[in-house]
Amino acid sequence: MSENKEPSIWEGFRAFLMRGNVVDLAVAVVIGAAFTNIVNAVVKGIINPIVGAIGTKNLDHYSSCLSSTCQGEEGIQILWGSVLGAALSFVITAAVVYFLMVLPMAKYLARLEARRKAKEGAQEVIEVTELEVLKDIRDELVAQRGAGNDRQ
């Protein structure tokens with residue numbers, strides 16, 4: 001009798017870890033965390049001081065009161081400044097990522113692709129030229145055979 005042995009939990013876990021996409025995902029998370037530090041440093045060190053020179057660095061203090069009195073914890077306050085600050089932070093971070101990271105990488109990859117296509121195009125021209133030369137040689141041989149048969 002053949003016994004169907006199910007893999008153990010550890011074997012299944014090991015197989016899960018050894019999949020290529022799990023390792024790729026782990027690398028992406030680590031690189032993403034390091035990349036986040038770079039983006040945050042650019043936003044905090046360069047962008048926020050520029051925005052702070054125009055207005056204020058901290059928008060959390062801006063709010064509106066919906067009730068008649070808003071003293072401390074009393075009343076209903078809408079903290080629209082913190083929402084605006086979070087939205088601006090997101091837009092600034094997205095702009096930094098796009099203009100400093102994504103756009104240059106896209107241009108670099110486009111140049112690599114153009115070089116690859118140009119190299120393929122040159123090889124294709126060479127192949128076509130070789131084919132034309134071979135056709136010319138064939139035609140000459142056929143013409144010589146035809147001329148040799150006429151003499152006999």
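Modeller: A residue is exposed when its relative accessible area is over 50%, buried when under 20%, and partly exposed in between. Bear in mind that this is a predicted model.

Biologist: Why does Phe-99 count as exposed?

Modeller: Its relative accessibility is 51%. Exposed means over 50%, so Phe-99 passes the cut-off.

Biologist: And what makes Tyr-98 partly exposed?

Modeller: Tyr-98 has a relative accessible area of 40%. That value falls between 20% and 50%, so the class is partly exposed.

Biologist: How many helices and strands are there in the protein?

Modeller: There are three helices and two strands. Along the sequence they run α-α-β-β-α.

Biologist: What share of the residues counts as buried?

Modeller: Of 152 residues, 5% are buried. About 13200 Å² is exposed, and carbon and sulfur atoms supply 63% of that area.

Biologist: On to charges. How many salt bridges does the count come to?

Modeller: Three.

Biologist: What makes Glu-113 and Arg-116 a salt bridge?

Modeller: Their N to O distance is 2.2 Å. The rule asks for an Arg or Lys side-chain nitrogen within 4 Å of an Asp or Glu carboxyl oxygen, so the pair qualifies.

Biologist: Where do Glu-113 and Arg-116 lie?

Modeller: Both belong to helix 3, residues 80-151. They are three residues apart, about one turn of the helix.

Biologist: How do you know that Glu-120 forms a salt bridge with Arg-116?

Modeller: The closest N and O atoms of Glu-120 and Arg-116 are 2.4 Å apart. The limit is 4 Å, so Glu-120 and Arg-116 form a salt bridge. Here too both residues lie in helix 3, four residues apart, about one turn of the helix.

Biologist: Which residues are linked in a network of salt bridges?

Modeller: Glu-113, Arg-116 and Glu-120.

Biologist: Why is Arg-116 called partly exposed?

Modeller: Its relative accessible area is 39%. That is not under 20% and not over 50%, so partly exposed is the class. Glu-113, at 32%, is partly exposed. Glu-120, at 41%, is partly exposed as well.

Biologist: What makes Arg-138 and Asp-139 a salt bridge?

Modeller: The distance is 3.2 Å, N to O. The cut-off is 4 Å, so this pair counts. Arg-138 is partly exposed at 49%. Asp-139 is partly exposed at 40%.

Biologist: Now rings. How many aromatic pairs does a search of the whole structure find?

Modeller: Two. In one of them, Trp-10 and Phe-13 have ring centres 6.3 Å apart and planes at 85°.

Biologist: Why is the pair of Trp-10 and Phe-13 called edge-to-face?

Modeller: Centres must lie within 6.5 Å, and 6.3 Å meets that. Planes over 60 degrees apart count as edge-to-face, so 85° settles the class. The two residues are three apart in helix 1 (residues 9-18), about one helical turn. Trp-10 is exposed, with 68% relative accessible area. Phe-13 is partly exposed, with 42%.

Biologist: What makes Tyr-98 and Phe-99 an aromatic pair?

Modeller: Their centres are 5.1 Å apart, against a limit of 6.5 Å. The planes meet at 80°, which is over 60, so this pair is edge-to-face.

Biologist: Which residues make up the largest nonpolar core?

Modeller: Five residues: Val-39, Val-42, Val-43, Ile-92 and Val-96. Helix 2 (20-54) and helix 3 are the elements that give two or more residues to this core. Helix 2 gives the most, with three.

Biologist: What does Ile-92 touch, not counting residues up to four places away in sequence?

Modeller: On that count, Ile-92 touches Val-43, Ile-47 and Val-51.

Biologist: Which residues form a nonpolar patch on the surface?

Modeller: Tyr-62, Leu-66, Ile-76, Ile-78, Trp-80, Leu-84 and Leu-88. Together they have about 660 Å² of accessible area. Helix 3 gives the most to the patch, with three residues.

Biologist: How do you know that Leu-84 counts as partly exposed?

Modeller: Leu-84 sits in helix 3. Its relative accessibility is 38%. Partly exposed runs between 20% and 50%, so Leu-84 fits. Patch residues need over 30%, so Leu-84 clears that cut-off too.

Methods
Residues are numbered from 1 along each chain as its sequence is written. This is a predicted model: local features need pLDDT of at least 70, side-chain atom pairs count only at pLDDT 80 or more; totals for chains, interfaces and linings use all residues. Side-chain values use heavy atoms; hydrogens and water are left out. Buried means under 20% relative accessible area, exposed over 50%, partly exposed in between (1.4 Å probe, protein chains only). Rings of Phe, Tyr and Trp (its six-membered ring) pair if their centres lie within 6.5 Å; planes under 30 degrees apart count as stacked, over 60 as edge-to-face and the rest as tilted. Patches are made of residues with over 30% relative accessible area and no salt bridge: like charges are joined within 9 Å, nonpolar side chains (Val, Leu, Ile, Met, Phe, Trp, Tyr) within 5 Å. Accessible areas come from the Shrake-Rupley method with a 1.4 Å probe; for residues, only the protein chains shown count as cover. A nonpolar core is a set of buried Ala, Val, Leu, Ile, Met, Phe, Trp, Tyr and Cys residues joined through side-chain atoms within 4.5 Å. Contact means heavy atoms within 4.5 Å.
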